[in-house]
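Visitor: I'd like to understand the words people use for a model like this one. Could you take me through them?

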Amino acid sequence: MSEDPRRAIPRTDDVLGQAPFVTAAARLGRSVVRTAVVAAQQRARDEEIAPDRVVEAALAALPTRTSSLTPVLNATGVVVHTNIGRAPLSPSAIEAVVDAAGYVDVEMDLATGARSRRGAGALAALLEAVPDASGALAVNNGAAALVLATTALAAGREVVVSRGEMVEIGDGFRLPDLIASTGARLREVGTTNRTHLRDYADAIGPETGCVLKVHPSNFRVDGFVTSVGLEELRGLTRPDGSSVPVVADIGSGLLAPDPLLPDEPDARTWLRAGATIITASGDKLLGGPQAGLVLGDAEVVDQLRRHPLQRAVRVDKLTLAALEATLRGPASPVTASLHASADDLRLRVDALGTAVGREVVPVEGRVGGGGAPGVPLPGWAVEIPIDAVERLRQPAGDLPVVLARVDRGRGLVDLRCIPADRDGDVEAALRAVLGHDDALHPLPSP
Ligand SMILES: *Cc1c(COP(=O)(O)O)cnc(C)c1O
């Protein structure tokens, strides 16, 4: 009787003891490596592979990364894309995150050894960037900033909002539902298209906690439209003469005006116009980490900081590090992509089109992230067959994942949001996919 070939399968501990597996275990953890070895042994038992291929198969099956999050090259031309993590961090912000990843003095004064204000550096950077604010606070995200503001200022009382601003921003952000969750009552005023100062004035009473103004970032109402400016809202008072705080959710996180985005609100302008505090996201047009920013009147910001809910929406040290580096460092990748010139893009896209033998077409990029819906960003893209888009998303081997845009039955590869030093990676991915395409659809023989 011949020997059972399964007895030739190497033992788990013997494989795990080999140098490449020891190295992999140090990086990925022993259990991940063990799982790959056990799976390869099973394949040998199932006679899918020969016993002497177990080591090779286990090595090939080892994940290359410890996180299941896969980096992608954004060739969609959409600058702030929530499904792929909104803003890419700048190299200096990435460096700051790495430095902060260990023990770090996030809440300690190294001179005295005493406890210090958490994230003081990031808050100081925010105040320097927006001198019109006397107070600043960072929380987990824009929604948390708004929940904290309405809770601290209006829980058990009323938040006055125009019916024209009852927005849904996307991924679960519905203003009326969010406010209801805070225990504040929503007091709607005006109509969808027109709200006047007297609508607000009539609604304000002893029960008013705050007035809320929301930038309806992802849509526009044109035509017979009236809304009330912050200049007018700022003057509203309760019957006892006390002033009503005006909370303004600007969303996008622009700190100062950007001529490219004339309709996009910014912190400086809205605070000057009369907002008591503004709330915004950190990972939209600011180009930083996911965060919620609160800027404005120091007393009101402190009221938010002292509220018990603040502890539940506290930002972590990595966010604080990235936020400060984004504010103090060179222009973020988001800013660079937004302001990329069509001529520069054309040069890069032409080179790519020539290299892969595809046509170059004019396209319009998008700000995205629910921002500036009416602002097209003129640029250029390489046109590819629509089925190539899917293969770019699931490439073979260790080629990078490239996300292209689908538009009217074709695929578009837009280099606006690709760092220029990655153009070669996009080209390699395209070559692989387009070559594959030819193989799938060979020319009919004559
Ligand atoms: C994006 C946005 C939000 C939500 O901010 P997150 O950081 O995603 O929580 C709230 N309000 C407006 C106006 C927005 O544009």
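Guide: Gladly, starting with a polar contact, which is a pair of N or O atoms within 3.5 Å; within protein, one must be able to donate a hydrogen and the other to accept it, and residues adjacent in sequence count only if both atoms are side-chain atoms. The model is predicted: local features need pLDDT of at least 70, side-chain atom pairs count only at pLDDT 80 or more, and totals for chains, interfaces and linings use all residues. Residues are numbered from 1 along each chain as its sequence is written, and side-chain values use heavy atoms, leaving out hydrogens and water.

Visitor: What makes the approach of A143 to the ligand a polar contact?

Guide: A backbone N or O atom of A143 lies 2.8 Å from an oxygen atom of the ligand, and the cut-off is within 3.5 Å, so the pair qualifies. A polar backbone atom of G142 is also 2.8 Å from a ligand oxygen. From the side chain of D249, an N or O atom is 2.5 Å from a ligand nitrogen.

Visitor: How much of the ligand does the protein bury?

Guide: Alone, the ligand exposes 380 Å², and the protein buries 94% of that (Shrake-Rupley method, 1.4 Å probe).

Visitor: Which residues surrounding the ligand are the closest?

Guide: Twelve residues surround the ligand, with G142, A143, D249, S281 and K284 the closest; a residue counts if one of its heavy atoms lies within 4 Å. α7 (142-154) and β9 (246-251) each supply at least two residues of that shell; helices (H or I, at least four residues) and strands (E, at least two) are DSSP runs, numbered from the N terminus.

Visitor: Why are β3 and β7 said to stand at the edges?

Guide: The open sheet has seven strands in the order β3-β11-β10-β9-β8-β4-β7, with mixed pairing. β3 (135-139) and β7 (185-189) each have a single partner strand, so one side of each lacks a neighbour in the sheet.

Visitor: How do you know that β4 and β7 pair?

Guide: Pairing takes at least two DSSP bridges. Five bridges join β4 (residues 158-162) to β7, and the two run parallel; the pairing therefore meets the definition. S162 stands opposite V189 in β7.
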